[in-house]
Amino acid sequence: MELSEEQFRRYARHLILDEVGEEGQEKLLQSRVLVIGAGGLGSPMLMYLAAAGIGTIGIVDNDRVDITNLQRQIVHATSHIGDLKVESAKDSMRRINDGIRVETRSVRLDADNARDLVAGYDLVADGSDNFATRYLLTDLCYRLEKPLVAAALSPFEGQISTFRPYLGAGHPCYRCLFREPPPPDLVPRCETAGILGAIAGVMGTLQAVEVLKELLGLGDSLDGTLLIYDALRVRFHRIGIPKDPDCPTCRNSAAR
Ligand SMILES: [Zn+2]
């Protein structure tokens, strides 16, 4: 694959980096990334991944844009209210970069469709807001051996990690960290709990950075580490995630 004249100019600030260069940019252009959720986390992720020249970006979301989303879901605009979020996001992404392919799936990810959706991509980024999706992706990405970059939000805090449990010892999964989903009534979502919108921006942008690093094999991976952003105290904490030898998802990966 040869970069075009236009691509040389568009991606000039990547190409000038020794760590990316022409080879890295070509790798990004050939990559297929699936983003689950075009909401608070998905918004900055989709925009930065489009801008960075990820060649094919899939978006899974079955919601429509509501005026209450616009306080944090910056890929959507006021003129998009009532539109499918996947179409609204695609429109914004193509305005940023018309040289990439955007594949939209206006469905809710579930046990019946998830395998087919995930199998066609190199990496999955979870920007969903519910535990059912998070655990479904944990199990599926382990079985299909896809890196999973996942983040979660609370009103003034964010968490992010990368999971590659199929690599074996030292590579935990989300279930090694939290074995079971909490009871649904204990889980406040943005709609009910509220959130300082820009925190979603910080975490979704961190996710975009980690997706690019995973694809390029750059620097340290968050694999094995949970990074916590405490916005009120302006602190980032990192905690190690031990691999659970009895983890129902990934306990057999050490034998691989
Ligand atoms: Zn595990």
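This tour moves through a predicted model, beginning at a metal site and ending at a helix.

**The zinc ion**

Select the zinc ion together with Cys-173, Cys-176, Cys-247 and Cys-250. The SG atoms of these four cysteines coordinate the zinc ion at 2.3 Å. The arrangement is tetrahedral, because the four donor atoms subtend angles of 97 to 120° at the zinc ion and every angle thus falls between the limits of 85 and 135 degrees. Along the sequence, the donor residues follow the spacing C-x2-C-x70-C-x2-C. Cys-176 belongs to helix H8 (residues 174–177), whereas Cys-250 is in the segment after E8, so this pair ties together parts that are 74 residues apart in sequence.

Next, display the accessible surface over the four cysteines. Cys-173 has a relative accessible area of 1% and is therefore buried. Cys-247, at 0%, is buried as well, and so are both Cys-176 and Cys-250. How many disulfides does the model contain? The count comes to zero.

**Asp-244**

Move now to Asp-244, in the segment that follows strand E8 (235–240). Is this residue buried or exposed? Asp-244 is buried, because its relative accessible area of 17% is under the 20% cut-off. Add Arg-179 to the selection: its side chain and that of Asp-244 are joined by a polar contact of 2.9 Å. With neighbours within four places in sequence left aside, Asp-244 is in contact with Arg-179 and with Cys-176, the latter being one of the residues that coordinate the zinc ion.

**Ser-253**

Continue to Ser-253, which also lies in the segment after E8. Its relative accessibility is 1%, so Ser-253 counts as buried. Which side chain makes a polar contact with the side chain of Ser-253? Select Lys-243, whose side chain makes this contact at 2.7 Å. A polar atom of the Ser-253 side chain also lies 2.8 Å from the backbone oxygen of Cys-250, a residue already seen at the zinc ion. To view the wider surroundings, select Tyr-142, Pro-165, Tyr-166, Gly-168 and Lys-243; Ser-253 touches these residues when those up to four places away in sequence are not counted.

**Helix H10**

Finally, select residues 197–216, which form helix H10. This helix has 20 residues and reaches 29 Å from its first C-alpha to its last. That span is close to the 28 Å expected at 1.5 Å a residue. Extend the selection to Gly-217, which follows H10 and has a positive phi, near 65°.

Notes. Residues are numbered from 1 along each chain as its sequence is written. This is a predicted model: local features need pLDDT of at least 70, side-chain atom pairs count only at pLDDT 80 or more; totals for chains, interfaces and linings use all residues. Side-chain values use heavy atoms; hydrogens and water are left out. Helices (H or I, at least four residues) and strands (E, at least two) are DSSP runs, numbered from the N terminus. Buried means under 20% relative accessible area, exposed over 50%, partly exposed in between (1.4 Å probe, protein chains only). A polar contact is a pair of N or O atoms within 3.5 Å; within protein, one must be able to donate a hydrogen and the other to accept it, and residues adjacent in sequence count only if both atoms are side-chain atoms. Contact means heavy atoms within 4.5 Å. A disulfide is a pair of cysteine sulfur atoms within 2.5 Å. Donors are N, O and S atoms within 2.8 Å of the metal (3.2 Å for Na, K and Ca); water is not among the atoms, so sites may look incomplete. Four donors count as tetrahedral if all angles lie between 85 and 135 degrees; four count as square planar and six as octahedral if opposite donors are over 155 degrees apart and all others between 65 and 115; anything else is irregular. The expected span of a helix is 1.5 Å times one less than its number of residues.
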